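Open the model in your viewer and keep the sequence panel beside it. The stops below give a selection and then what is found there.

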Amino acid sequence: MSDYNVKIYKVNDKTKWNNFALKSNQDTFLFQRDFMDYHSHIFVDYSLLIYDDKKLIALLPANRVGENLYSHQGLTYGGLITDNLIKTTAIINVFKAVLEFLNTNGIKRITLKELPSIYLQNPTNNALAYLLFRTQAKLMRTDLHSVLELTDNTYSNSRKKGIKRGEKSNLRVEEVQDFDLFWNTILIANLSSKHGVKPVHSLEEITLLKSQFKNNIRQFNVFKDQTIVAGTTIFETEHVAHCQYISGNADKNTLGSLDFLHHHLIKTVFKDKQYYDFGTSNINAGQQINEGLLYWKEGFGARSVAQGFYEIETENYKLLDAIFV
């Protein structure tokens with residue numbers, strides 16, 4: 001019988017954690033510790049390493065708030081990170097070991113944030129849905145990511161017209177190495193006036209992350225003559241280009257700046273990727289959808305990929321006792 005051990009992440013586990021995450025079943029740099037730890041002053045990290053005897057076989061990025069554990073609240077997605085070769089029996093036993101460990105350590109429930117399927121290296125090796133079913137997990141929220149499969153997409157007439165407006169306006173797209181102009185001229189003002197919020201990352205934070213992930217975090221700005229009119233911040237992985245921020249000035253519809261920008265990125269910069277992820281259009285904790293924003297994204301051919309948020313009582317590890325017969 002295998003002996004599954006669960007340990008809380010410590011700073012001296014950083015290299016071990018990073019190396020495992022790089023070779024795991026997921027395609028994202030967000031689980032690298034330099035990304036997770038930039039906001040360590042905000043979240044009480046309670047990430048877990050799971051061993052089969054002495055062999056590391058899984059990770060769980062997480063933070064703790066009292067009696068609750070969360071798929072790390074500083075990350076867009078989460079879930080159990082495993083290697084590509086792990087078998088279903090092992091995944092079930094790992095999940096049971098995690099819930100039992102949390103229950104023993106005074107954590108009554110865990111809120112698990114799914115990793116969208118486009119970020120899985122091997123989508124066929126994912127037993128999470130079965131584990132959620134067997135542990136009587138409650139679905140608390142669902143977000144919809146608008147994802148474009150780059151091998152097959154057709155633009156709507158509205159997007160085509162926007163691109164032509166951008167061409168007639170003589171717009172140009174430039175990749176830049178700093179974020180100051182986009183953040184201070186467009187992004188902060190737009191988020192404040194439209195939604196009353198600030199960017200998730202401050203200018204200082206996104207600059208720090210760029211210095212640590214030079215090839216993964218990229219900034220593209222659109223200019224009309226010498227004036228910035230729009231931009232997007234891309235989080236790039238092996239198979240996915242994800243739009244972390246998208247914003248344009250008041251003339252974006254007249255100029256077609258956002259249509260022009262994303263057409264350039266889809267057809268030129270990221271044409272060899274598998275997916276182009278526009279992000280979600282959900283508001284009010286997933287309860288509603290910004291219809292206009294969704295319409296714009298789907299005009300490029302994007303369609304919805306669901307991401308669930310589940311709550312599980314840790315004492316339900318007992319429900320995984322009698323699975324195998």
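In which sense do strand 5 and strand 7 pair, and over how many bridges? The model is a predicted one. Select residues 68–71 for strand 5 and residues 109–113 for strand 7: the two pair in the parallel sense, over three bridges. To see one contact in this pairing, pick Leu-69, whose bridge partner in strand 7 is Ile-110.

Keep strand 5 selected and add strand 4, residues 62–65. These two strands pair in the antiparallel sense, with four bridges between them. Here Leu-69 turns up again, as the bridge partner of Arg-64. Leu-69 thus has Arg-64 as a partner and Ile-110 as another. Now look at the turn: strand 4 and strand 5 make a hairpin with two residues between them, and Gly-66 in that turn has a positive phi of about 60°.

**Positive phi outside glycine**

Most residues other than glycine have a negative phi. For two exceptions, go to the loop between strand 14 (282–283) and strand 15 (288–289), where Asn-284 is found. The phi of Asn-284 is near 55°, a positive value. Select Ala-285 too, which lies in the loop between strand 14 and strand 15. Ala-285 is not a glycine either, yet its phi is positive, at about 55°. Is Asn-284 buried or partly exposed? Asn-284 counts as partly exposed because its relative accessible area is 47%, which falls between the limits of 20% and 50%.

**Salt bridges**

The structure holds 13 salt bridges. Begin with Lys-14 and Asp-34, which form one of them, with the closest N and O atoms 2.7 Å apart. This pair links distant parts of the chain: Lys-14 sits in helix 1 (residues 14–22) and Asp-34 in helix 2 (residues 33–36), 20 residues apart. Both ends are partly exposed, Lys-14 at a relative accessible area of 31% and Asp-34 at 30%.

Next select Arg-33 and Asp-37. They form a salt bridge whose closest N and O atoms are 2.8 Å apart. Colour the two by accessibility: Asp-37 is partly exposed at 29%, whereas Arg-33 is buried at 0%.

Then move to Arg-172 and Glu-174, whose side chains meet in a salt bridge of 2.7 Å, N to O. Glu-174 is partly exposed, with 30% relative accessibility, and Arg-172 is partly exposed with 28%. As a further selection, take Glu-175, Arg-218, Glu-236 and Lys-273, which are joined into one network by salt bridges that share partners.

**A positive patch**

For the last stop, select Lys-160, Lys-161, Lys-164, Arg-165 and Lys-168 and turn on the surface. Together they form a positive surface patch. Centre the view on Lys-164, which is placed in helix 5, residues 157–168. Why does Lys-164 count as exposed? Its relative accessible area is 51%, and the label exposed applies over 50%. Compare Asn-284 from the earlier loop, which at 47% is labelled partly exposed.

Conventions. Residues numbered from 1 in each chain as written. Predicted model: local features only at pLDDT ≥ 70, side-chain atom pairs only at ≥ 80, totals over all residues. Heavy atoms only, no water. Patch = residues over 30% accessible without salt bridge, like charges linked within 9 Å, V, L, I, M, F, W, Y side chains within 5 Å. Areas by Shrake-Rupley, 256 points an atom, 1.4 Å probe, with all protein chains shown as cover. Salt bridge = Lys/Arg side-chain N within 4 Å of Asp/Glu carboxyl O. Lys, Arg positive; Asp, Glu negative; His and termini not counted. Charge placed at Lys NZ, Arg CZ, Asp CG, Glu CD. Buried < 20%, exposed > 50% of the residue type's maximum accessible area, 1.4 Å probe, protein only. Pairing = 2+ DSSP bridges.
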